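User: I should be grateful for a close look at one part of this structure, namely a single loop and what surrounds it. Please then continue from there to the other parts.

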Amino acid sequence: MFWVIEVKDKPGIFDAIGAGVKKDILDLGIKSARSVGFSQIYIIEGNLLEEEINRISECLLVDPIVQDHSINDFESPHLKGTSRFVIYVAYNPGVMDPAEASIMKGIADLRITRVRSVKTAKKYCIEGKLTDRQLAIISEKLLYNKLIQHIVKSPAAFLSHESPVAGNKNEASVLTVDLLRASDTKLKQISAQGQLFLSLQEMRQIKHYFQGLKRNPTDCELETIAQTWSEHCQHKTFRGKIKYCENHSRPVMINDLLKATIIRATKELNKSWCVSVFQDNAGIIKFDEKHNICFKVETHNHPSALEPFGGANTGVGGVIRDCLGTGLGAKPVCNTDIFCFAPYDYPLQKLPAGTLHPKRIMKGVVAGVRDYGNKMGIPTVNGAILFHEQFIGNPLVYCGTVGILPKEKSFKEPLKRDAIVLVGGATGRDGIHGATFSSGELTHNSENISSGSVQIGNPIEEKKILDTILKARDLNLYNAITDCGAGGLSSAVGEMGKDLGAKVELCKVPLKYRGLSYTEIWISESQERMVLSVPQNKLVELLEVFRSENVRATPIGEFTDTQKLQLYYKGNLVCNLDMHFLHEGSPRPEKKAVFVTPRHKENAPHNTKNLTPSLKRLLGHPDICSKEWVIRQYDHEVQGGSVLRPLCGVANDGPSDAAIIKPLLHSPKGVIVSNGINFRFGFIDPYWMAASCIDEALRQIIAVGGSLKNVALLDNFCWGNPDKPDRLGGLVRAALGCYDAAKGFGVPFISGKDSLNNEYTVKNKSLAIPGTLLISAIAVMEDASGAVSMYLKEPGNLLYVVGGTAEELGASHYYDLSGIVGNNVPKVYPKKARQIFEVLSRASSKRLVRAMHDCAEGGIAVALAEMAFAGGLGAEAFLKEVPLAQVRVTKQKAQAPRNDFVLFSESNSRFIVEVERAHQKEFERCMRGIPFGLFGCVSQEKQLKIFGLDGQVCIEAGIAQLKEAWQAPLRW
Amino acid sequence: MQKPKVCVLRTAGTNCDQETAFAFFKAGAFAELVHTNSLVSGYKALDEYQILAIPGGFTYGDDVAAGKILANELKYELKAALLDFIGEGKLIIGICNGFQMLVKSGLLPGNAELAQEASLTINDSAKFEDRWVYLKCIATGRQKAKCVWTKGLPEIIYLPVAHGEGKFVVRDKAVLARLKRNNQIVVEYCDEKGSPASYPHNPNGSTEGIAGICDETGRVFGLMPHPERHIHVLQHPRWVRSHKRLEGVGLAIFKNAVVYVQKKF
């Protein structure tokens, strides 16, 4: 029996959700919706008495102060002749409803049993003269996503039984795939039909392996191989062979790009603070005598393109589990999130088929990050959001987590005969094929064929897991841990048992519902699960830890010494693979890579005298403008350790350079987190993009008072299809830049990740994202009270520019205002830059610096304007005093320096520094030998005034105006 | 003098438990993290403690409504123990999600039947927001102070809020009148000068800017802002670098509780 309870605000109570939807409808350009009312719907199944359902409603579901309710009282979608439209949105069968478990618990507390299931749904009542088409737009664009939800046509349907998920009829019988007799065409077909994303060469290799065994693979074996060999899990491009040709010179062979560049830099630098690099779920460095910290950044691009909330939500959940699965488990202490979207004002009619509008993607992604990060109680302290049309089919969603762990818990080793224990949520059909799916390109059809890979997370489940795992860790109850991420159990168990062998009874895996095949159980990517390797004599104690806090933990098998992966299901051996073949058996394809330096038009914008309008436009540029609307939705203070937040200034709303947290409340030590990302530089040369990103990430660490000591980097490459030589050429070029810059700065990489195939195909035309590299940096700070913030502190203080400004306007935001790319991309001179960084770091530690801001997007002008309006103070500055640098390689004839170039050039390794007059001499003594200029001072008047090279005023504006230009675009 | 024992209650989704325990520790108390299951099963007993703290977080995912499921759990499983605890003159604080729980369980503003008379509902902005707010402490003077937690606090204090459901509303005018008459309103959102102000100073649209209330005894206190996030000067968003170590204004709230318990028990 089903009961449907509708809960809505009492008359006179402000319906905040309804009002929000009404505003969103207006944003769609539909002006005729007069009002929107929101109701929450609960569908309760069970053999209940009416008085019991009344009690559930009154004592649990309804807030008697602000809400009313009704039971089994439906409205039809639309009554002719009225202007009232009713839309019910419910989850699709099989989609996890995160609220169900909590509500079941709440009902149990009322001592009411016999409830079989609880589902939630949403009801929207829209008043207004709307056409069917408008209603369809509102529903599709705002109210539901067909991948996880549907519109309930007739609400009475809630009362009938819906069969949740179609079951497999022959769930017990073992299926095999006929590879032995398959032709090449057939092999390709098998890969495509099974969504295996395996190449012909790989399929042949598999066939060859089974020929040796004289049998065909089971479906489960083939899936396991596909998961393990996927780009997502194995990084075949980075680990493979590449024939690379640069600017038509003789091709060179690169054997394992990762080892040849990123890992090589780390090895050669051999830094004492690195503890565990490129081997665990996250990289680990030293923190203090007793603790280490780990850092990992993941991407979750493909799922976020299809279901932004769920994609970002599970992206955050996944990277937190990475951290929890590092060593013997680290406690997450902060998150960082970086996104790239298409412009939020992208014309609706230009939207390619099958894509969601970027504004909706952005709102969904932000909500997904907010939901998971806040509920886990992890402060989100750092991030960036950038925009470009080429992200229309593939937004980028980077999620990172920093964790802290006791030094002696930094390594793991599963042992023979350890029990394999699955901890966390039950397994369902969600996320089937996530790993392989993300290894292919998206098409306008992806939303139909890959809907199984879309899911939503349950952060409270993960919080419970976190709490209990740390407890079990400190009791030394297990030998190894890893998370169930892409590929599900197949990856987690396969990876952990790599050197041993593993035996798993698939029917022991707790399921959300019946009907899953053994293969689905094995590869499901259901969220919130971890795998532990537990000594048999500690099993009972371990299970008790989880039981005491209502976390499911189930032994599902054990590690062996057979070097084989053996899976059983209802008495049948459904998978029997050699670990060696599984992990080392994939062919190493040779890929071609070509890089040719592009030649862009070099038509600089007209040099005008008054550059104030240009500055305002730059401040309002989507990449530069205030992201306060986003940042405030993240809890950036939970755990109580935030020292430098993402927003700072007299009104707590200026843009911080990097974040500082104190992961241990009783210790003065801090952790600095920063990021460098600028895909625009890659339009000219991915090598300089990579070097600039590293410079930017490190520069931000210096700007907040850190140093280059105890710093580590992460790389995250998001690229197009690596089978296309030009895409791969850019990737190689960027990796080379990473090596040179990391070496030059003396800063090692400790972990990384790549997400390739970010292309979107519609009508046979493929659109790739701009090759985008995110560099994340982490640093240990001896004393967090040495933090420096970016906003101006006191009138009369002196302002310095440190670092040379060159005429490097290529791919700058200033050029972008005129739609120009140009060619003079900013370079990095690590030797010089390192000197600047070290000198400034010394000045900060001597407490000579009152404020410091790095010059990045929009150059000196934007940096100074931000410092001024964040500090609520004015500034006067003279461009004549800005130290200029020569651009080394340029074919153009030398020009006289221009005001706009000095103001807006995005040359690297530069800072603006505020210094008290009393410290002038000492500061300048520190700066000896590096380019710096005393170029202005902080003023009492709330004006920014900049005098050009000719001594004439070129920028003059009130700081309130400038702040408004910066805040207006994203004030949603 | 013996250190007061604090039960920092945690359950699925609690996430400010460690910093709350740390604040009590700094204030001179002994704080223990206790899972609700331990209290319900009888493994731990509430009467071992003199202070109960219900910290911030998203207990049970804020599903149904923030704090509601925890409120029911405590009300149906631990009602007698809680009423005894209050009856013995002990202290309770609920911060953010803990405040939501206290209000939804009827412990605040408080009446004999534990009937709910007020609520904390969705912010007018319809979104979660993290920001620092100024709070006016009402009636903190030694004489007329009702709430033992805020005695002697400065007139205006600065603390962060971080919530999506913090709009304080009352059942009817009579409840509001009673709150005022009994001096049960403890902190109100205000501007930097202490005057009542609208959004963003009042971050959620609370009735009359009410940010925290106490019960009639003054010993049960709930508030949306987070005092445990401002116990050290470095936690202030605009801390000016100085060599002097200063404590944050939030610490005084925890110290008040410690002093009270030490005097009384």
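Analyst: Asn270(A) lies in the loop that connects α11 (262–269) with β9 of chain A. In this model, which is predicted, Asn270(A) has a positive phi of about 45 degrees although it is not a glycine.

The strand after this loop leads into a sheet. Six strands of chain A make up this open sheet, in the order β9-β10-β11-β14-β12-β13, and their pairing is mixed. At the edges stand β9 (274–276) and β13 (380–387) of chain A; each has a single partner strand, so one side of each is left without a neighbour in the sheet. On average, and with direction ignored, neighbouring strands of this sheet are turned by 20 degrees against each other. As a general point, strands of a sheet pair through backbone hydrogen bonds, either parallel or antiparallel.

One pair may be examined more closely. Strand β10 (residues 283–286) of chain A and strand β11 (residues 291–299) of chain A run antiparallel and are joined by four bridges. Within this pairing, Ile285(A) of chain A is placed opposite Ile293(A) in β11(A). A helix also belongs to the picture: α13 (residues 308–324) of chain A lies across β11, β12 (331–341) and β14 (396–406) of chain A, and runs at about 25 degrees to β14(A).

The wider setting is given by the division of the chain. Chain A is divided into domain 1 (2–159), domain 2 (218–596 + 638–786) and domain 3 (790–972). The C-alpha centres of domain 1 and domain 2 of chain A are 36 Å apart. Where these two domains of chain A touch, seven residues of domain 1 are in contact with 14 residues of domain 2. The side belonging to domain 1 of chain A comprises four nonpolar residues, two polar residues and one charged residue.

A second sheet of chain A offers a useful parallel study. Six strands form this open sheet in the order β3-β1-β2-β5-β4-β6 (chain A), and here the pairing is antiparallel. Its edges are occupied by β3 (67–71) and β6 (149–151) of chain A, each with a single partner strand, so one side of each is left without a neighbour in the sheet. Neighbouring strands are turned by 25 degrees against each other on average, direction ignored. Seven bridges join β1 (residues 2–9) of chain A to β2 (residues 33–46) of chain A, and these two strands run antiparallel. Among the partners, Phe2(A) has Glu45(A) as its bridge partner in β2(A). Helix α4 (residues 132–143) of chain A packs on the sheet, where it touches β4 (84–91), β5 (115–128) and β6 of chain A; the direction of this helix makes about 35 degrees with that of β4(A).

A hairpin provides another example of a positive phi. Strand β31 (residues 759–762) of chain A pairs with strand β32 (residues 765–768) of chain A in the antiparallel sense over four bridges. Thr761(A) has Ser766(A) as its bridge partner in β32(A). Two residues lie between the strands of this hairpin, and Lys763(A) takes a positive phi near 50 degrees there.

Chain A also contains a packed pair of helices. Helix α24 (residues 686–703) and helix α27 (residues 830–845) of chain A pack at an angle of about 15 degrees, with their axes 10 Å apart. Because angles under 35 degrees count as roughly parallel, α24(A) is described as roughly parallel to α27(A). Their crossing is left-handed. Asp695(A), Leu698(A) and Ile702(A) of α24(A) meet Ala833(A), Phe837(A), Leu840(A) and Ser841(A) of α27(A) in this contact. By class, the contact has five nonpolar residues, one polar residue and one charged residue.

Finally, chain A has a partner chain. In chain B, 45 residues are in contact with 48 residues of chain A. The elements that give two or more residues to this side of chain B are α1 (17–26), α3 (68–87), β5 (118–121), β6 (129–137) and β7 (156–163) of chain B. The largest share, five residues, comes from α3(B). By class, the side of chain B that touches chain A has 19 nonpolar, twelve polar and 14 charged residues.

Chain B also has cis peptide bonds. One joins Leu108(B) and Pro109(B), with omega about -10 degrees; Pro109(B) is in the loop between α4 (97–104) and β5 of chain B. Another joins Tyr199(B) and Pro200(B), with omega about 5 degrees; Pro200(B) is in the loop between β9 (185–190) and β10 (210–214) of chain B.

How values were computed: Residues numbered from 1 in each chain as written. Chains lettered and ligands numbered in written order. Predicted model: local features only at pLDDT ≥ 70, side-chain atom pairs only at ≥ 80, totals over all residues. Axes fitted to C-alpha atoms, helices over the stretch in contact; angles between N-to-C directions. Parallel < 35°, antiparallel > 145°, perpendicular 65-115°, else oblique. Left-handed = near helix turned anticlockwise from the far one by under 90°. Nonpolar A, V, L, I, M, F, W, Y, C, P; charged D, E, K, R; others polar. Pairing = 2+ DSSP bridges. Domains from an automatic or database assignment.
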